[in-house]
Amino acid sequence: MATRTLATRPTFTFRPRELLLLLFPAALALGSFALLTVVLHDRWPGAEDLRPAFGLVAGLVLAHLAVSARAPRADPYLLPIVGCLQALGLVMTYRLAPALAARQFNWLLLGLGAFIVMLLVLPADLRWLRRYPYFWAITGIVLLVITFVAGRAGAGAGPNASSVGIGPFSFQPPELVRILLVIFLAAFLERWRDQLRNPSYSLAWGALRIPQPQAVFGMLALWGLSMLFFIVQRDLGPALIYYGVFLVMLYVATGRARYALAGLGLFAASAFVVGRTLSYVRTRFDILLDPWSVANDQGYQIVQGLISLASGGLLGQGLGYGYANYIPAVHTDYIFNAIVEEWGLMGGLAVLGLFVLFIGRGYRVATLAREEYGQLLALGLTTVIALQTLIIIGGNLKLLPLTGVTLSFVSYGGSSLLTSYLLLALLLKIEPRR
Amino acid sequence: MTGNISRIAAIMLMAFGLLSLGMTYWTVVRGPALLDLPNNARSVEFERQIQRGRILDRNGQVLADTQMTDQGPRRVYSYPQLAPVLGYFSLRYGVGGIEAAFNDALRAYATSDSLAAMRYRLLHERPVGYDVVLTLDLRLQQEADRQLGNRRGSIILMDTEGAILAMASHPGYDPSRLDETFPQLSADPAAPLVNRATQGIYPPGSTWKTETLAAALDAGVTRPDHVYNDGAETLVVNGFPIRCNNNPPGVNQFDLAHAFGYSCNLTFARLALELGEPRYTEYAKRFRTDDTLPLEIPVARSQIANQDLTNQVLLASTGFGQGELQVTPLAMVMIGATVARDGTLPRPHLLQEVRTPNGQRVQGPQTGSLATVVQPETARQVRQIMEVAVNDGYASGAKIPGVRVGGKTGTAETGRGTPPHAWFLGVAPIDQPRYIVVVMIENGGEGSQVAAPLAGRLLAAALK
């Protein structure tokens, strides 16, 4: 196997399009940090002020070189798109939470480093991923159990606490579990695809045909896991992502919309029942429907978030001139509103556009993937980003209940950043057809 | 499978389209309404960015200025006794007085002027407010405050154009400490937040006889040399006896000027009755003493009666300044200003000009006359009679050496066992009128003893 890996190791290929497109994040990062220095400190930007921008550009160029060396046929747009989002996220972190910015910068370096190492170390084909799907499933479940236990036992942890502390770092395993879930589901669905598409197991003397019990069990287990996560962690967002990714992959793999619709119905019904039963969920929904009457109380964050959007208007207040810090937890939960306040509706649309581009290119990777496993993997990874973005921004815009989901590459948060780069590395590793 | 992926991509794209619509809704469609919410702290933040304009007296003396500190703007009032007029500026309690009247100008029209707003939005230039120059003269204001001292009341000094040179109202407050003291101030029974000169309403007492005099002369009901035999008389109106009350013992026969100087109630009840209700009311309307006078800062409505003057007893007692009269000191100074001029009522004003930080005038004073009240000859006659009151009557406390001063005292019954309000209305010089003064001291006692000397000293300072 080692010799085969060596034999198929790609040669370094010059990728001019990707390199040139990196000029966009480079200009965005350098320009924004320079502007921020002028606005906030009223001085000409020096090398120290631009250090994060230079660090990001250097990291992106190294990442580009790693892609050129190991995944020369990978999509050339994904890295520059991520670069732009990252530049925006980094400058907003320096703007909104300067005390945490250095830490976020270190996480960024760590994330890009992990990306480069993944590209260099991992073999070119993905057989190692698909061979032992249950290993990834069990790893994911263990991580979740650790989160439930350690996260809830942690001192001062809120009801949504899902981070696990290791030394000075804290890590949020649910972020990583999303990737593990996709890795597992791609293999699982590839294995059971035909069975799910043409159910062969008869029930009620042939009147009802369902897939084999193993497949049904696997699907029900995922539904149960999502609901458990919802109930125990009191957070709809991650559960919605797990289950949404599952439904999307199930639909694409089988082509049977009725599975997806049935699954959606099951989830909606159970979420409704849980919501009716658990008072905190109901309260949260009431606040979502009418935050105005409790605008100084439980509705404070939502209302402040909306005022922040309004304050941005069409063109925004300008970088450094907004007051998004009135929103509690703005750097993690409401970074999008802060961007809209300072960059306006135009800036917000640009961020949405970047995500649409990312998702479009991600689905293109899926359609071009050589094997079915690669297709499902790319599909799942892209869908994780898509759902995550929809859920958090939907929450920011009062279209959905707000959940503890981060905006990939933009929000403050180390584990989100790290897993997002792992996701990107995997996505770029999926080889297109020749 | 590729087709399925495209379908998923299309669904995702639609979802992102929904997000764009949602975002457009909040930023553009609902934006302005959201920004007006009381929960929006940004309006306060924006206010903190504004270098609020200065308030100056007519000679350029700074009365209010803004220092920009790290904690935000700090309004500095170099002469806090003017608080009832200048008002206050507080990010918590808003604005009052002149600060409220010219708030937009002082804020450089930062939100109403789209150009300034645009400059702020795009260039982030700190908006620097316009300067408001008042007609007040700090020197005379200080003199008025000194004269009033610890007494509760008010003083207005006006020129014949209607420009207010001094406006004192005591007790006052420290406007720079308003954020801490506002709750106590607004609950204080002494009402320090009220500008007594424009918002206090009181019975005017005998100073009111000036209006009755002007109306009666103008309507031809009497002449300055008409002799009255009222000193020992009693006029019974519908069973209500009216006597002269105030004439010196033994002086029972006097002309109109001395009836005014001795403040004979009977003569003025007679004049009101002779004028009759319609004409009396008509003159009161022309003097705007049954109305709210226009001024840059809030003014209370004055009234001659709760309903009307058809009741003869009410008309008679209104003639000498009691009845149901409730007037502001500003309304009284306007009576004086009308007779000091050619019988026209000047527009009272505190604003001299609004100018940009580099001195360009953007708004001038509102001047001119509001109405023609009496004929010029009438005004001249009233002035001469007012001079007699100072020289021979009870208004002698207002005498100034070398200056012809006219005036009228007032001692208004408050009717609740409390001391009467002391009033004085004065004009100087009589031959070429320049200044009109009103002194009003709540429960001060005799107008001739308490109010007249204050008015004389202030007029002397103004004429110096």
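**Salt bridges and the largest pocket**

I'll start with one residue: Asp49(A) has a relative accessibility of 16% and counts as buried, since the cut-off for buried is under 20%. This is a predicted model, so please hear everything that follows as computed from it.

What does Asp49(A) pair with? Its side chain meets that of Arg43(A) in a salt bridge, at 2.5 Å from N to O. The partner, Arg43(A), is partly exposed, with a relative accessible area of 40%. As a general point, side chains of opposite charge can pair when their charged atoms come close. Over all chains, a search of the whole structure gives 26 salt bridges. I'll go through two others.

The next one is in chain A. Arg193(A) and Glu372(A) form a salt bridge, and their closest N and O atoms are 2.2 Å apart. Arg193(A) sits in helix α9, residues 173–197, and Glu372(A) in helix α16, both of chain A, so this pair ties together parts 179 residues apart in sequence. On accessibility, Arg193(A) is buried at 11%, and Glu372(A) is partly exposed at 28%.

Now chain B. Here Glu99(B) and Arg52(B) meet through their side chains in a salt bridge, 2.9 Å from N to O. Glu99(B) belongs to helix α5, residues 97–101, while Arg52(B) is in the loop between α3 (42–49) and β1 (55–56), so parts 47 residues apart in sequence are tied together by the pair. Are these two residues buried or exposed? Glu99(B) is buried, at 0% relative accessibility, and Arg52(B) is buried too, at 3%. There is also a network: Arg130(A), Glu190(A) and Glu371(A) are joined by salt bridges that share partners.

That leaves the largest pocket. The space in it comes to about 1,100 Å³. Its lining has 37 residues, and those nearest the centre are Leu240(A), Leu264(A), Phe267(A), Leu387(A) and Leu400(A).

Which helices supply at least two residues each to that lining? From chain A they are α11 (236–254), α12 (257–277), α13 (279–289) and α16 (372–396), and from chain B there is α1 (2–29). The largest share is from α12(A), with 10 residues. Helix α16 of chain A has come up twice now, as it also holds Glu372(A) of the salt bridge with Arg193(A).

By class, 29 of the lining residues are nonpolar, 5 are polar and 3 are charged.

Note on methods: Residues numbered from 1 in each chain as written. Chains lettered and ligands numbered in written order. Predicted model: local features only at pLDDT ≥ 70, side-chain atom pairs only at ≥ 80, totals over all residues. Heavy atoms only, no water. 1 Å grid on protein atoms, 1.4 Å probe; cavity = no way out; pocket = protein on both sides within 12 Å on 5 of 7 lines; lining within 4 Å. Points joined across faces, edges and corners; volume = space filled by probe spheres on them. Helix = DSSP H or I, 4+ residues; strand = E, 2+ residues; numbered from the N terminus. Nonpolar A, V, L, I, M, F, W, Y, C, P; charged D, E, K, R; others polar. Salt bridge = Lys/Arg side-chain N within 4 Å of Asp/Glu carboxyl O. Buried < 20%, exposed > 50% of the residue type's maximum accessible area, 1.4 Å probe, protein only.
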